[in-house]
Amino acid sequence: MKKSMEKLSSERSCSEAEVLFSYKRYFINNVDSYHGEYILNEVSKVLDKNATESVKQPSQTVLGEDAVDILPPPPPEQPYEIIGTVSDPKIKSVDNVARIVPKTECLPIMLTCGTLILDISYDREELSITMEFLKLLKTLLERQAGQDVPDADDDGGAGESKKRYLILVSTVMTWGVTKPLDPDTPDMPFIETDFRKRKAHPSYKMHYDVENEVVLIARKYRAQIGAIVVAAGVTYGGREDVLFYWFQKAWECEPLLPILGRGGNVIPLINVQDLAQIIYNLITDFPKKLYILAVEQNVTKQREIVKPLGRIVGSGLFKCIPPEDAFLIPEIDVIVYGPPIVGKTTLSKLICEAYGLIYISPDTVADDIMNDLAWRVHHWEIGETAGLPIRNAEEEDALPDDDEDDPGVEVEVQETARQTLALLQSGRTLTDEETLGYLRQRMLNREALNRGWVLDGFPTNLAQCSIVFDKGDEQDSEAGEEADEEKFDEDLDLYSNVLKKLLPYIVVSLEATDDFICDKAMRQPDGDSRLDEETVLKRLSEFRLNDGRDVTPLNFFDELDIHPLVVPVKEHSDYSMKGAYAAVALRMGRPCRYGKLIALVEAAEKKEKADLETLRSKEAKALKELEKKMQEEREDKMEYWSELYLLMQEEEEAALAAASEPMRNYLINHIFPTLTPALLEVAKLRPDDPIDFLAEHLFKLNPTGKMLEPGYNLQAEKLLGKIKILDDALKDLDIKIDPLLPPECAVDDPSASRKNINSMSAL
């Protein structure tokens, strides 16, 4: 739904732009910025000049009868005006600007302007806005492609022509890591025709992409729009911008004025007023160029800027700091390229299947050619008429000879094919030169030229690029068609050394980290010798060696204006490379084929969709059955667990009862006989303190504390008490009581001196 709304909004904006478009309307982004102020002043001069010329009309006096035929005056023409955006939303008006447009609403307005000056060097927020505008602009130009447009050769400049003009002010940081043209003279300056060799600083990659989009629009829609890129150097002058830090520190007499590195790096400078003057000249006389390098001709190094400034204004002392400390200063034919096992083959075959292209790979090119030659040789052996009935002699003589080819050439071609087939079938390992030759042969095959091809994992270095795409003895079939079209100055020698019909439409570069590659290799099934640890590390090391910034084969295509599409690969779960394919399909667009092929593709897509729906329904049914089965198993287990719990509870109760039986018996035999009467007495008397009463009662029953001992008897205890009393009384009388012994047990004691007393008399 969101995409549909965006598309509808885009179409509405384009339609409104066609109605409201005015070549007298100028658009400048960030008119309050450092660059915008000076550019605005120069553009205002253009408007004043054009407005003055437009009001000069020849006067005519009409008298007599002719006066009745005077036509009414024409409606007033639309005035020249400037519309712009501001970086500070608090600013509501700017001198010489007719209207300030919010950045969130500027895209439709930009489409209605005849001349646009877009500065992306000052504010990074402008990058996304500019990229969105370029997409809308391309859509609008596509719709207007069939309409009559002014001839590009009759261009009177952006100030007078009714043609659209786009001036993109970028930065030289898109050249930040460009290799010197001559290693022996690294200070040799670049010229504008070298812009294809530029290599952007990593932080300015999006600036680089925007520049390429503008160049593409300038080439493709040159009859409808004049577009040019102005790569501005480091601007200075006025209130300063980039150099403001050094001016400030020098004025504050910073003890040590910093110099990044040794200060020998060249800084391409341009005065901000000179930059604005260049914009003025482009508006008044638009050139037939694609790219302008707006820098001063004299070479200026960093120390040549900082040291004079420090000596004149500051302390005169300097300190070289590491360069990285600068961040602490406030301020249709397709080539799939990438590291091993990142998914190049999967993506290549996916593109071939979707777009009907021929798959070409160094690993399979020999087999492909061998299979092709095998059936050709077989066809030559059986002849063209093998499927027809054998003719008799009369029919043979009556029919004319239809063979118009030179038999000598045909025999030579067949003999060469048989020799090549024998070589391939011998199993001998091919040399690198033979592989490159077969790849070029396969790419020049008529089928590949007609349908297009996908080259998987090749080339891997610059030398292979030069060999495979070398012009050689071949000729581009469309060379004669391009001779009638006048080329840009920078394109005169662009394809002088390459075979243009072999160049790819798009180069896809898959990017992945070494850790991702190694982790993916470990996830692969065993059995493939190419995926063992040693082999993968070796292949990865070779790839990184040939993929350096200065030696990568992507540079070859960059210099031919074939800018690679970089697709990061980060997800292990995307085995089918659907994410990468979506990015490639977005760049390539909808497959363009013959009607029958489109019907086949649509039928295949319909069948795939039906198979997918069937698979999903089967999965849903299987899932439902699995849930039902799991529910039944859960209910059976719950029933079993309930029964088991009841059984365990019964066993636990029986075990507790058995364990408590001795205690129960002990209480019944020794505690309850004494405690029960005492409790009954408590219940009967109901004393105020039943616990104390119970204790006193039990103490009275057992004053010696032996009441609860096993073998204790109350009557026996009383009898023993009386015997003790008698025993104490006898001790006081000093009377000895002999025990009652039978006569036969008596013992005579002759030494006894006491009086014999009858033992019973003591009682």
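Helices, in the sense used here, are DSSP runs of H or I with at least four residues, numbered from the N terminus. Under that convention, Arg686 falls in the loop between α21 and α22 (690–701). The model is a predicted one, and the same convention gives its protein chain 23 helices and 16 strands.

Arg686 has a backbone feature worth attention: its phi is near 50°, a positive value in a residue other than glycine. Because its relative accessibility is 71%, above the 50% cut-off, Arg686 counts as exposed. A positive phi also occurs at Asn30, where the angle is about 50° although the residue is not a glycine. Asn30 is located in the loop between β1 (22–28) and α2 (34–55). With a relative accessibility of 2%, which is under the 20% limit, Asn30 is classed as buried. The two loop residues can thus be set side by side: Arg686 is exposed, whereas Asn30 is buried.

A further backbone feature concerns a proline. The peptide bond that runs from Phe458 to Pro459 is cis, its omega being near 0°. Pro459 itself belongs to the loop between β14 (453–456) and α15 (462–468).

Helix α21 spans residues 595–685 and contains Trp641. This tryptophan contributes to a nonpolar surface patch of about 640 Å², whose members are Met638, Tyr640, Trp641, Leu644, Leu647 and Met648. Trp641 has a relative accessibility of 49% and therefore counts as partly exposed, since the exposed class begins over 50%. For the protein chain as a whole, the accessible surface comes to about 49300 Å², and carbon and sulfur atoms account for 55% of that area. Of the 763 residues in the chain, 34% count as buried.

Attention now turns to the aromatic side chains. A search of the whole structure yields 9 aromatic pairs. In one of them, the ring centres of Tyr165 and Phe286 are 4.9 Å apart and the ring planes meet at 55°, so the pair is tilted: the angle lies between the 30 degrees below which planes count as stacked and the 60 above which they count as edge-to-face. Tyr165 is part of strand β5 (residues 164–171), while Phe286 is in the loop between α7 (272–284) and β10 (291–294); the pair therefore ties together parts that are 121 residues apart in sequence. Tyr165 is buried, with a relative accessible area of 0%, and Phe286 likewise counts as buried, at 11% relative accessibility. Elsewhere in the chain, Trp175, Phe195 and Tyr291 form one aromatic cluster.

The last site is centred on Thr552, which is placed in the loop between α18 (533–546) and α19 (554–558). Its relative accessibility is 7%, so Thr552 counts as buried. When residues up to four places away in sequence are left aside, Thr552 touches Tyr337, Leu462, Asn546 and Asp547. With Asp547, one of these neighbours, there is also a polar contact: the side chains of Thr552 and Asp547 are joined at 3.0 Å. Thr552 thus combines a buried position with a side-chain polar contact to Asp547.

Notes: Residues numbered from 1 in each chain as written. Predicted model: local features only at pLDDT ≥ 70, side-chain atom pairs only at ≥ 80, totals over all residues. Heavy atoms only, no water. Helix = DSSP H or I, 4+ residues; strand = E, 2+ residues; numbered from the N terminus. Buried < 20%, exposed > 50% of the residue type's maximum accessible area, 1.4 Å probe, protein only. Polar contact = N/O pair within 3.5 Å; in protein donor to acceptor, adjacent residues only side chain to side chain. Contact = heavy atoms within 4.5 Å. Patch = residues over 30% accessible without salt bridge, like charges linked within 9 Å, V, L, I, M, F, W, Y side chains within 5 Å. Areas by Shrake-Rupley, 256 points an atom, 1.4 Å probe, with all protein chains shown as cover. Salt bridge = Lys/Arg side-chain N within 4 Å of Asp/Glu carboxyl O. Phe/Tyr/Trp six-rings, centres within 6.5 Å; stacked < 30°, edge-to-face > 60°.
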